[in-house]
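Subject: Structure for you to look at

Dear colleague,

I am handing over the structure we spoke about, and below it you will find notes on what turned up when I went through it. Please read them with the structure open beside you.

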Amino acid sequence: MANTLQTPPQSAPQAERLEAPPAAKRFAFLTDRKLSFLFISPAMALLLFLSIWPLLWLLGLSFTDYSATRDSGWGWIGLDNYIEVLTSPVVHARALTTLVFVVGAVALQTILGFTIAFLISRRVKGRGAITTLFLIPMMLSPIVVGLFWKFMLDVQFGVVNSFLDSLGLGRVEWLTQQRLALFSLVIVDTWQWTPFIMLIALAGLTAVPKYLYEAAEIDRASEWFKFRRITFPLVWPLLLIAIMFRAIEAFRLFDLVYILTGGGPGGTTETLSFNVYKVAFFGFDTGLASAYGILMVVVVTIAAQFYLRYLNRLQES
Amino acid sequence: MKGRLAVSASLTAMAAAVTLAACGGGDGGEGSASKAPAKTSALSDKPMELTFLWFEWPPAAALEELGKEYTKTRPNVTVKVNTVPNPQWHDAIFTQFAARKTNFDLPILDSQNIGEAVDNGSILDLTDFVKENVDTSQYDPYFLAAYGQYPQNTTGVADPDAKTYGLPLLGDTWSMIWRKDLMGDTPPATWEDMIAAAKKCQDENEGMSGLAFHQAGTGDAAAVTYNVMNALYGGELWNQKDKKIEGVINDAAGKKAMDVLVNQMVPLTPKGSSNWFIDEVNAAISQGQVCVGFQWIAAMGGLTDPASSKLGTTKEEILEKLAFAPLPKQVTDKKPLGGMGLHVSKYIPEEKQAEALNFIKWFQTPEAQKKWAQLGGVPARNDVLNSPDFLEATPYNKVFTDSVSQLKDFWNLPEYAKLLNVHSTQVNAAISGTQPPEEALDKLAADEQKILDESGGL
């Protein structure tokens, strides 16, 4: 019987010495670590000069009385700007308006987006075409969306009121009546951004494993049971991420307010972002506007942190 | 480790920002506009584009057209008028001032914005230049004060010792436009007669509304409307000497003005018109929706255009239905001053400044002013305002000439933009019913007083 077991070598075989090709030799000083730094440095430079540096500059200005248009320099005023923003009744009113808008718009968009996605996911024929059609509003510029909705909602000349009038329902002051104006902003934002939620929800719905439904079928589970115990729990985490993106976006709503209502009637549709714009450009209180902006970033960051923790816990469980 | 790193990074960022801010203290600039030379300097022969910045409306196109006349005298220079939508007009000019670099040579500023531009040192002091090169005796003193001087004299009359930062480009005021085919040829004698006539017209003509005027909370739309009413009922916007707004604007006259506006005039306007400004008022008049309208004269060009009117297929047919008159008087006969002045940016090369000053000198000649009137502009020289060339150019030019002696502007303080924001928002709140009129006026007065107190006033 042949001994097929070989005695292991006493010492490790001598590795063949690798000669670097001439070109690589020239760049021998470029270690892997240096090379990685080199590759990420353009992105880091962009991040530093376009995001981090302006943010630090903004933070610095927020402690001063600087005005961008005045040739008079600036002076250190400590936390005065922050105190002024936090104690201003105007800011409190704008924060409430923003909160109502964010809750109203995001809730409506989530319900509609998920419903549409659920219906589309159950359809086999023409699913791609329908999805593309639904995505069109999301691809338009908010300024364009604002302008055509402004014409459509106009009391005298708008198509919406002409239609309501022809039905004998009378004309509605969509953009000039206190509560309706904010509702109109919610509707227009919903029209534009429901497809975003729909898209994310659709991705979640199509990723639900088929075998779960098949197993449920075998157990003769009802449609409602399948939705409640399989579909919704699996899509929910993804939907929560979409809700977070939309809430952050809605929190800094500016363009639709600017075009549709101009903050009116009587300032009742002014959001925080619109108010920051006024502080920054009506009289150019740059220091105050910087503090206002920093506080908004802080609020969003803290809210997002809590939200993400909840999301992580949900996924872990 | 990761947490410690994050904390250190945050602390470093904070320290950097704080150092940055601390380093910035002290005086950063001269704080006053540079002076234009008294004598015009030598002009460049190099090809040059002289750029204006204004907002989008018919006079902007007319100004560019007038620029072609200037090119005839200075063949190497072309005139370009850049425009932005009205709500962005102030921001477009002042954000460039903030950058200390402008892509315009001559900013066209609303008369109320002079204070902000002067205080920031963004436009040239033209005092010596005007004394040496422009025959100011040809102007109504109020135009010189309103469109060029800062601080503006309390009386509104030009102060010979005040500094001049601009000259009139476009004079303007409101005109009353009424349907003479429905209401007769004779204009109402008083403001309250006008309201009564508008109501009667509305009641007699189904589907029509009595009045159309500027009500939007953006720009100076609702603000000017209230100012018109305040002045007509004998009120004042502020007491310049005592730096008082509260108790002045919301005195008995001011409250009466707000009451008439909200409770007598607004009910006669079309439904949903509380966001109307220039275009919407023009459209309502042209579409035959209203009996009486109020509009800036410089923005009325489209009213007699058959292409955009339902009142007739020719200009003559339209003019059989529309008539124009100065605003009716009430307690006073004051009319709002509109229009804008010509100024020169501090942040352009010297050769461009010289060319801009030369344009201003040329623009104030009778020939240029007459051509300006022919193109649809509203000149400010008395001789041109009273010339047949101007009076017969449009059916409403006479309204402006007749109104000149009664014009009244509002504050031109550096805090104008902030004051205007409060003014427009609160008047619009009263008009749209989101606040009771008296409450809105009191809040307007308190908020404006706070702005004035914080700035130290004048």
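Please bear in mind that this is a predicted model. On its surface, a nonpolar patch with about 1,300 Å² of accessible area together is formed by Phe37(A), Phe39(A), Ile40(A), Met44(A), Leu46(A), Leu47(A), Leu48(A), Phe49(A), Leu50(A), Ile52(A), Trp53(A) and Trp57(A). One of these residues, Leu48(A), sits in helix α2 of chain A, which covers residues 32-61, and Leu48(A) is partly exposed, its relative accessible area being 42%.

Turning to the interior, there are 2 cavities of 30 Å³ or more in the structure. The largest cavity has a volume of about 130 Å³, and of the 14 residues that line it, those closest to its centre are Asn227(B), Val228(B), Pro336(B), Lys408(B) and Asp409(B). In chain B, α9 (221-232) and β9 (335-336) each contribute at least two residues to the lining of the largest cavity, with α9(B) giving the largest share, 5 residues. By character, the lining of the largest cavity comprises 8 nonpolar, 2 polar and 4 charged residues.

The second largest cavity holds about 40 Å³ of space, and its lining consists of Gly262(A), Gly263(A), Gly264(A), Gly266(A), Gly267(A), Glu270(A) and Lys278(A) from chain A, together with Gly217(B), Thr425(B) and Asn428(B) from chain B. The lining of the second largest cavity includes no nonpolar residues, being made up of 8 polar and 2 charged ones.

With best wishes

Technical notes:
Residues are numbered from 1 along each chain as its sequence is written. Chains are lettered from A and ligands numbered from 1 in the order in which they are written. This is a predicted model: local features need pLDDT of at least 70, side-chain atom pairs count only at pLDDT 80 or more; totals for chains, interfaces and linings use all residues. Side-chain values use heavy atoms; hydrogens and water are left out. Patches are made of residues with over 30% relative accessible area and no salt bridge: like charges are joined within 9 Å, nonpolar side chains (Val, Leu, Ile, Met, Phe, Trp, Tyr) within 5 Å. Accessible areas come from the Shrake-Rupley method with a 1.4 Å probe; for residues, only the protein chains shown count as cover. A salt bridge is a side-chain nitrogen of Lys or Arg within 4 Å of a carboxyl oxygen of Asp or Glu. Helices (H or I, at least four residues) and strands (E, at least two) are DSSP runs, numbered from the N terminus. Buried means under 20% relative accessible area, exposed over 50%, partly exposed in between (1.4 Å probe, protein chains only). On a 1 Å grid over the protein atoms alone, a cavity is a set of points where a 1.4 Å probe fits but cannot get out, and a pocket is an open set with protein on both sides within 12 Å along at least five of seven lines; lining residues have an atom within 4 Å of a point. Grid points are joined across faces, edges and corners, and a volume is the space filled by probe spheres set on the points. Ala, Val, Leu, Ile, Met, Phe, Trp, Tyr, Cys and Pro count as nonpolar, Asp, Glu, Lys and Arg as charged, and the others, Gly among them, as polar.
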